[in-house]
Amino acid sequence: MKHYGFDAPFIDHDSIYGLLDVAKNTPDEEMTRILDKADRLEGLTHQEVACLISTHSPDHIQRIFQIANKIKHHIYGDRIVLFAPLYISDHCVNNCLYCGFNCNHKYERKKLTLDEVREEVRLLEAMGHKRLAVEAGEDPVNCPIEYVLDVLKTIYDMKFENGDIRRCNVNIAATTVEDYRALHEAGIGTYILFQETYHRPTYEAVHAGGPKKDYFYHLTAFDRAMQGGIDDVGAGVLFGLYDYRFEVIALMMHGEHLEKEYGVGFHTISVPRIQKADGADLGVARYIPTDEDFLKLVAVLRLAVPYTGIIISTRESLEMRKKLLQIGISQISGGSTVEVGGYQKREHKSTQFELADNRPASEVIDWLLDQGVVPSFCTACYRKGRTGDRFMSLAKTGNIKNVCLPNALVTLQEYACDYGSEEFKRKTERLIALQLPNIKSEAMRETTKHNIEAIKAGARDLYV
Ligand code: SF4
Ligand code: SF4
């Protein structure tokens, strides 16, 4: 078998094939040992993940879901963090066959002017969003790093009656250490980059042209980001391009590599499943996981990295989002558009992919409340300097939840005061009363109550 791992030793393809071969026949006692370890919230190695992701035993799968649900409640409680994507440019020099922005798709491209950025951000803020993911295609001429930095400064400089955008995560193409340093200095939250597929032959086939075709350069982007000072990185796989079992094991190997080299693994993992898009070729999606397999893989990730945020987007239907919430998703987007200038309801041009959940943000937030979930607009860690290893040490000891729920309740109260109807305010009041006892430390409970009252009295942007 060809050895594909020559220039990327931390994703050794032969070793993944070998693990998948052996994992099919994992003895029951070994499965029990792995599941017990996951149940103790100790996380899993990529070898252990190989065993879980390969199982088709209904008993094992049921236990995986039970443990995922337990971890979700133990670590994340009932809160879920909300964010919105902001597409600033769809100029792209790459030919990624699965994406509507690929350079062979002929339509009129758009890059937002800074005034248009302000208008989009004004609309996002009016929906209550405090956390954005800034997204752009790769085009060094039409969308250079200087433009991205200008956009970030524009967003962070904006102040509204009800506050401001408090955290911008950034999802732009793999770049140099110098560019990452500039992004770090601009105050980005997480640098997000999807590997799309870790399987090199597939990667090279679906990236038919452009700089992104370079598997090794793309794969080592987080190394350069960390060398440039960014210590929160968010990974992702576009599920459907290759065998999900291979992808999940490789994802774990990538995280282990960063942990070993820089002392910090992934801050978040995104789990998009491939969707139709105008101008994209769905023929490349020969491995779309079934709903059952998709739920299993998300649950296995929850067991493997209990303290890493898992993000789903509006690509998933309402029904799937409901199920995914139960097994450990910790962040979702709401009221999203995946179109440049989309929030201004401009003339429809082209989108990166189709959405399955088109509800406006207010409906998503209301729906979460009705599920007993606390929608959180928290951005505290990044602003408190709890990033990288500081964040991880808090996360891995389980202490992060002592600040997540207080911040979720206070930011929800802020949202209710600034954007909620009278009915929404009543629902919020009930949910907060139900959730306050879940804050274990009495001192923190008192601080939270105090902050909630202060918000009602007009204070803003309180966090611990
Ligand atoms: Fe461009 Fe990204 Fe789409 Fe590829 S996935 S065509 S890099 S926007
Ligand atoms: Fe995220 Fe930190 Fe806020 Fe928890 S406290 S929701 S980890 S930013």
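**Around ligand 2, and out to the salt bridges**

Let's start with where ligand 2 sits in this predicted model. Domain 1 (74-358) and domain 2 (398-456) both give residues to the shell around ligand 2, so the ligand lies between them. As for the space that holds it, ligand 2 occupies the second largest cavity.

Who makes up that shell? Going along the chain, you meet Arg79, Val81 and Arg131, then Cys378, Ala380, Cys381, Arg386 and Phe391, and finally Ile400, Val403, Cys404 and Asn407. Three elements each give two or more residues to this shell: strand β1 (79-89) and the helices α15 (380-383) and α17 (401-419). The largest share comes from α17, with 3 residues. By character, the shell around ligand 2 splits into 8 nonpolar residues, 1 polar and 3 charged. If you want to pick out the charged ones, look for Arg79, Arg131 and Arg386 in the shell.

Now for the salt bridges. The structure has 32 of them, and a few are worth a stop. Take Lys130 and Glu125: their side chains pair up with an N to O distance of 3.7 Å. Both partners, Lys130 and Glu125, are buried.

Next up is Glu196, which forms a salt bridge with Lys212, and here the closest N and O atoms are 2.8 Å apart. This pair links distant parts of the chain, 16 residues apart: Glu196 belongs to the loop between β4 (191-192) and α8 (200-206), while Lys212 belongs to the loop between α8 and α9 (215-219). Again, both Glu196 and Lys212 are buried.

Which parts of the chain does the salt bridge between Asp370 and Lys427 tie together? The side chains of Asp370 and Lys427 meet at 2.9 Å, N to O. Asp370 is in helix α14 (residues 361-370) and Lys427 is in helix α18 (residues 422-435), so the bridge ties together parts that are 57 residues apart in sequence. Why does Lys427 count as buried? Its relative accessible area is 15%, and buried means under 20%.

Finally, some salt bridges share partners: Lys159, Asp164, Arg166, Arg383, Glu414 and Asp461 are joined this way into one network. Two of these names lead back to the elements around ligand 2, since Arg383 falls in α15 (380-383) and Glu414 falls in α17 (401-419).

Definitions and conventions: Residues are numbered from 1 along each chain as its sequence is written. Chains are lettered from A and ligands numbered from 1 in the order in which they are written. This is a predicted model: local features need pLDDT of at least 70, side-chain atom pairs count only at pLDDT 80 or more; totals for chains, interfaces and linings use all residues. Side-chain values use heavy atoms; hydrogens and water are left out. A residue is near a molecule or strand if one of its heavy atoms lies within 4 Å of it. On a 1 Å grid over the protein atoms alone, a cavity is a set of points where a 1.4 Å probe fits but cannot get out, and a pocket is an open set with protein on both sides within 12 Å along at least five of seven lines; lining residues have an atom within 4 Å of a point. A molecule sits in a cavity or pocket if more than half of its atoms lie within 2 Å of its grid points. Helices (H or I, at least four residues) and strands (E, at least two) are DSSP runs, numbered from the N terminus. Ala, Val, Leu, Ile, Met, Phe, Trp, Tyr, Cys and Pro count as nonpolar, Asp, Glu, Lys and Arg as charged, and the others, Gly among them, as polar. Domain bounds come from an automatic or database domain assignment. A salt bridge is a side-chain nitrogen of Lys or Arg within 4 Å of a carboxyl oxygen of Asp or Glu. Buried means under 20% relative accessible area, exposed over 50%, partly exposed in between (1.4 Å probe, protein chains only).
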